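Below are some comments on the model you sent. They are set out as numbered points.

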Amino acid sequence: MEIKRLPIEQPVNKLKMKATAKEQMEQSESSHDEEDEGPTRAKRGKPEVVHNGLLRPVKLSRGDLYKPPTADELNQLKEAESLFHCSLLKMQMEELLKEVSLSERRKQLIDSFVQSVTEQLQTVPQTSDMELSDLSWLSGGVKVPFVLVPKAAKGKFHMAPPISVTIIGSYPLGTCTKPGISVDLAVAIPADVLHPKDALNQRYPRKRAIYLAGLAQHLAASPAIGAMRYSCLHGNRLRPILLLSPPGKDSSSFILRLHACPPPGFFKPSRFHPQRNNIRTDWYTGLGSSHEPPTPHYNSSVLGDMLPRAHLQFLTTVSSQCAAFAEGVALLKVWLRQRELDQGVGCFSGFLGSMLLAYLLSCHRVSNTMTAYQLLRNSLHFLAFNDLTENGITLAKGPDSTAPSLAEFHTAFQVVFVDPSGHLNMCADMTACTYKQVQHEASLSLQFWDDPTVDGFHALLMTPKPMIRTSDHVFQLCELVKLQCCCKKLNLLSELMDHSGNYVLTALPFILSLLQRGLGQRVRLLTHSLTPDPEWPVESDAPKHNAQPPLSFGLLLNPEQTASVLERGPPADSPKAEEFRQLWGSRSELRRFQDGDITEAVVWEGETTCQKRLVPRQLITHLLQLHADIPESCVRYIGGMLDDVIKVCSTGEEESLKVVQSYDDLSRKLWTLEGLPLSITSVQGAHPALRYTQVFPPVPLKLDYSFFDREKLSRSLVPHEVKPCPVYITPIQVICHMEGSGKWPHDRVAIRHIKAAFHISLGELLTQHHHYTCQPSPTHLDVWKDGLVFRIQVAYHREPQVLRESVSPEGLLIVRDNAEAQALEMATMQRPLLTSTLHGLQQLHPCFGAVCRLAKRWLGAQLFSDDITEDTADLLVASLFLQPAPFTPPGSPQVGFLRFLHLLSSFDWRNNPLVVNLNSQLTAADYTEIKNDFIASRESLPVMFMATPSDKKVSIWTSRGLSLCAQMLQRVVMVAAESLKILEPQLMDTSQIQDVRVVMRPPLDPYDVLIHLSPKQVPLLSQAVDPPHATFSRGILAGRVANTGGALPVIDFNPVTHYLAELRDAFGDLALFFYDPYGGTVIAVLWKPKAFTPLPFKTSQMVARRVEVSGEEAHTVPNVEAILEDFRVMGQGLVKSVEPRTDRWVV
C-alpha cells in the first residue's frame, strides 16, 4: 500500500531552551562558521594543514585577509541591519529554529514507524455485517472511544482494511516542530462500511469511533506497536483519534495519531451547511418537534474529516512558493505555545497558523521572499488589527454555489475563518473571548517588538505565559456537572444537541457573554482556559464530559474601575432600566445621587482596599447564581489568596495612607515654622511606609503607661524588666534640608554640632507651637505625633562632599570617596528621591505597594532580607511595572508576586544588568551604555546589578550593607524557583492542600545551628508567618489616639535586632546569621567553611578558638562548644535554647 503525505497541523509543547542568549549567540556563530565560512575558506585561501590528526590554520595573504565581502555576505549584513535590532536577534531566531526542527535521525524513526504501522493496517481482518449497536465482536477489553448517548442508533457496520493510509498534517509539510512531536495518519474507511445517510444522528461519528476501536484491537497484538491510547482532536468528542507510540526507548520521542476518515467525496459538502440540521430532535430527546434547529458545530466536525487531504495540497502549493513558509509557521507555533493558545477545544492551532500564513500569502499581504521573522511579524500585525469575530475571512477562490456566505457563517459561529473549499469554518469551536485573547497578545507583542530597551526575543518567544501569571484574577467553575442545570436554566436544548451532549462547551459561550455584560469596564480582557485534549487507555470507556479539570477564567483588570463598589445604571425612566434590572435582579435598586439624578444602581460590599479589589468576585458569583443556577460553592475565586500573609487589620493600604497623611501634616507644619536661623528648603520622606511598601506599616498606638517604667530626667517611657518586650515602634525617617549659607562651617565635626543645634531648635518650636512631644539627639529629632514617631534628620547638601575631603601632611586637599560619605548621601539624597519616585509609581499602579509587601514578606520569611534590602526589593518590583513585557503591568498583588518570583528565578544575573527605568528617563542609548559598561566591568560589580537613571554604573542599591555573594544569590534563585513551582499549581489545582503560607516557611535543614528565641521577648511576634496562639501584652490600649502630647514611648527597641548585631560583631568571621525580621523566633546559623581551617597558634588569635597539637606543631580551630555557650550567655533572657543541627563540626 502506498503511503501518501497529506495535513492537520499539530501543536507544540512549551519550548524549553537551556541556552542563554550568549550561549545561543556562540552556538549560532560556531554553526555559521562551519556551514557558511567553509566554502569561503576554500575559495580564498589554502586548505588547512592536517598534522597528527589536528587541523592547523594557514596564514592568509594580505589580499585574502582584506578581501571585500561577497554579495551574499553584504545581503545578510543589510538584512540584519534593516530587520533586526542587532545581529544577536537574528542569530537567536536562527538558533531557535534549529532547536525546534526535527533531526534527520528523528525523521528516519518516524518514517520507519509509519511504514510499520501501515503494513499492520493492511492486515486488518474483514468481519460480517452486524447492527451498529452490537459491539460483541470487540474483544481484549478494547472500548469504543465515544459517549454513546442516546444509545439507539440505526445502521449496519463491519470491519474491513482501510482503502488507503495517508500521512497528513504538519509532518509532510515540513512544519512539524519539537517538543511534543505528533505525526498524523489518515486511515480511509472503506465506502461499503458507510452509508450516504450516515451524516444523520451521529451515525458517521459512531462508525468512525467503532472503526478506530477495531484498529486498536488489531494493533494491540503487534510487537511493533508500543503504548496505545485514545484522545480527541482538539478536544472534539466527535473526532476521537488513536495515539500510537513506538516500542522501546523511543516511546517518548513522538506520537503517531490515527484519524479515521471517510473516502474522498463520500459526503456532499452542501449537506453540512451551517444552517442545516443533521441531529433530529425526536431521535435525541424522544420528543417530536415541528422545527429542527441547525447543527453548525456538528456539521463542521464531520466536514473536518473530509478535507485534510485538500488542505495539505493547498498548503503544499502555497509553501512551495515561499522558502521561509515552514520557518514562519514554526515561529508562530512557538509564539502560540508560550501563550497556551495552541491546544485544547477552540484553540488557535498550528494548523490555523499555517492557514493564516497561507491566507496572507494568497492575498499578497506578505511577499514570498520574506524571511521567517517578517512572516511572524506580519502575522501578528494581521491578528492584532483584524477582528474575525466581526469580519471573517475566507481562503475560497470562487466557491461553488452551495457554499455558505460569510454572513451565514457569522450567524452560526463567533469566529469565522473559511477554508479553501468555502464550506468549512476552521474556527468553528473558537469562542470570541479566545480570539480576543489572541488579538490582545498579538497587539502586546507588537508594542514591545520594536522597543530597543526590551529583549524582544525572550519576551516574544522564550517566556511562558500561564494564565495564573498573566491574568490579574482567576476564578474556576469546579463542579462542571452543575452546567447541566445551567443549560436547562438558559434553555439551551438546541445548542446541546449541536454539541452532542457536551454541556460544558454548550454553556461556555453563554457564561462568557453574561460575564462580559456584567463586568463591563471593570476588565480589559476576559479569557478562559481551553479544555485540554482528553487521553485515556483503549481498555477504558470514553470519559464523561465533566471528567476534566475545572474551567478557569482569567480577568485582566482595569485598575481605574475594578475596585468601584457602585454599579451605576440608567435613569429610572430610561428604556434600558428594565434590562439593567433583569441583569442584576434583586441587587438593583433606585438611588438618588448628589447631582440630583435618580438611577438604577447596584452597591457591593467593600470598605478596605483589599475588599474592594475582590468586588469582581461578588459580581461574578451573583450573576452565575441568578442566571445560570451555578451556586457560589462551585466558584473558586483566586484573587486574594495571598492577602492573609500581609494582613493584620487589612493588607496595609489604609494604614499606609494614615502614615502619609500624618507625614503631610507634619511637613506643612515644618514649612511654616518661624524662628529658625536658616529656612527649610525641602522636607522629604525616606521610609518605606511613605511609599506604601512597608510590609507591616506603622499603626497609631495608644500606650498603656502602667506597662512601662519612667526615665528619671525626661520621664520618657522605658521597658519594664519583668514584663514582655513592649510594642515595637518604628521611627519614620524624614529628611529636612536646610538652605545653603556661608555660615555653614567647612569642618565635619562643626557641621554635626550645627545639625544637633537645629534638632534642638526644631524640637522646641514644634513643642511650643503644636504641643508635640519631642526628643532631640545629635543625629536626629524624634517627634511623637498621632500615635506615630517621626525621626527628623537635618541635612546639609554639601556635607557628603566635606566628608570626602581631607588635607595631606603636605597641605594638599585630597578628595576621596569613602563609606561614610556614601552612607550619608544614600540616607539624605538618594533614598528620599527613591521614596518620592516610588510614591508616584504607587499612584499610577494601586497594587504596587501590596506587591512590594508580599515580595519583602517572602524575602524575610526565607531569611534573605539582609541580603536583598528593602530598597532593592522595591526596585525589583518596580521593574515589573515599568518593564512588564511580555505581560501588562500587574493588576493585583497576587500576579505581581508570582512575577516577582519568576523574575528572581529566571533573570540572567550573571550576564545582564537589570535596568529599572524610573520616570522613563533612560533612552535606548542609555541602555546600550549601561550594557557595555556592565560587560566591561562585570568582575568588579555586584552579583545582582541594578541600574537606575541616577545610578547607571555602580548599582548602589545592591553594593552597600551586607553584600550579596554569588552563593547567596544562587540560593535566592533556587528558592524562588521552588516557591513558584509549588505556589502556581496550588493556586490552580483544587486537589492540592490549600496553604499558600507553605512558600513562606523556610527550609531549616541547610543550617548548622538554630537559636530559638523566647516569644515573650520578640516584639513583632504577631507578624510571624505562623503566629502562636498565645499572645502577650505589649503595653498598648484600644481606643482613640491623641494627636499631641503624652510621654515619649520606647522607640526602635527590638532586642532581637540588637542581639543579632552583637552576634555578627563577635562571630561574623566564623558564621553567617539569618533571621526573619517580621516576627521570627529562630536565628539560623551557618558556619563559614574557611573559618574552620586550622591556623598556626598565636596568643593574640585565641578568641573563640582552641588548640590542637599534632606532632610538634600546634594549631587553633574554632571552639564550637564555647561559641554555642556564648550564644546562650549573650542572649540571656532572650534565647530559649541553642540547637546544633549538624555533625560536620566538632561540638
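**Notes on the predicted model**

1. The model is predicted. In helix 29, the buried residues are D871, T872, A873, D874, L875, L876, V877, A878, S879, L880 and F881. That makes 11 of the 13 residues of helix 29 buried, so the helix is largely enclosed by the rest of the structure.

2. Helix 29 runs over residues 870–882. From first C-alpha to last it reaches 18 Å, close to the 18 Å expected at 1.5 Å a residue.

3. What covers the buried residues of helix 29? The cover includes four helices, namely helix 27 (819–844), helix 28 (848–861), helix 30 (893–906) and helix 32 (956–959), together with strand 31 (914–915) and strand 32 (946–947).

4. The whole structure contains 51 salt bridges. One of them pairs R105 with D250, with 3.5 Å between the closest N and O atoms. R105 belongs to helix 5 (residues 104–121), while D250 sits in the loop between strand 9 (240–244) and strand 10 (255–261), so the pair ties together parts that are 145 residues apart in sequence. R105 counts as partly exposed because its relative accessibility is 48%; D250, at 16%, is buried, the cut-off for buried being under 20%.

5. A salt bridge within a single helix is formed by K669 and D665, whose closest N and O atoms are 3.0 Å apart. Both residues lie in helix 24 (residues 653–671), four residues apart, so about one helical turn separates them.

6. R1001 and D995 also meet through their side chains in a salt bridge, at 2.8 Å from N to O. Are these partners buried or partly exposed? R1001 has a relative accessible area of 33% and is therefore partly exposed; D995, at 26%, is likewise partly exposed. Elsewhere, salt bridges that share partners join R691, R831, K856, E870, D871 and D874 into one network. Of these, D871 and D874 are among the buried residues of helix 29.

7. Which residues have the most contacts inside the largest nonpolar core? They are L258, F417 and L477, in a core of 165 residues. Leaving aside residues up to four places away in sequence, F417 touches L352, M355, L356, Y359, L388, I393, L395, L424, N425, M426 and C427. Apart from the largest core lies another, of 64 residues, including F864, F881, M1000 and Y1007. F881 is also one of the buried residues of helix 29.

Terms used. Residues are numbered from 1 along each chain as its sequence is written. This is a predicted model: local features need pLDDT of at least 70, side-chain atom pairs count only at pLDDT 80 or more; totals for chains, interfaces and linings use all residues. Side-chain values use heavy atoms; hydrogens and water are left out. Helices (H or I, at least four residues) and strands (E, at least two) are DSSP runs, numbered from the N terminus. The expected span of a helix is 1.5 Å times one less than its number of residues. Buried means under 20% relative accessible area, exposed over 50%, partly exposed in between (1.4 Å probe, protein chains only). Contact means heavy atoms within 4.5 Å. A salt bridge is a side-chain nitrogen of Lys or Arg within 4 Å of a carboxyl oxygen of Asp or Glu. A nonpolar core is a set of buried Ala, Val, Leu, Ile, Met, Phe, Trp, Tyr and Cys residues joined through side-chain atoms within 4.5 Å.
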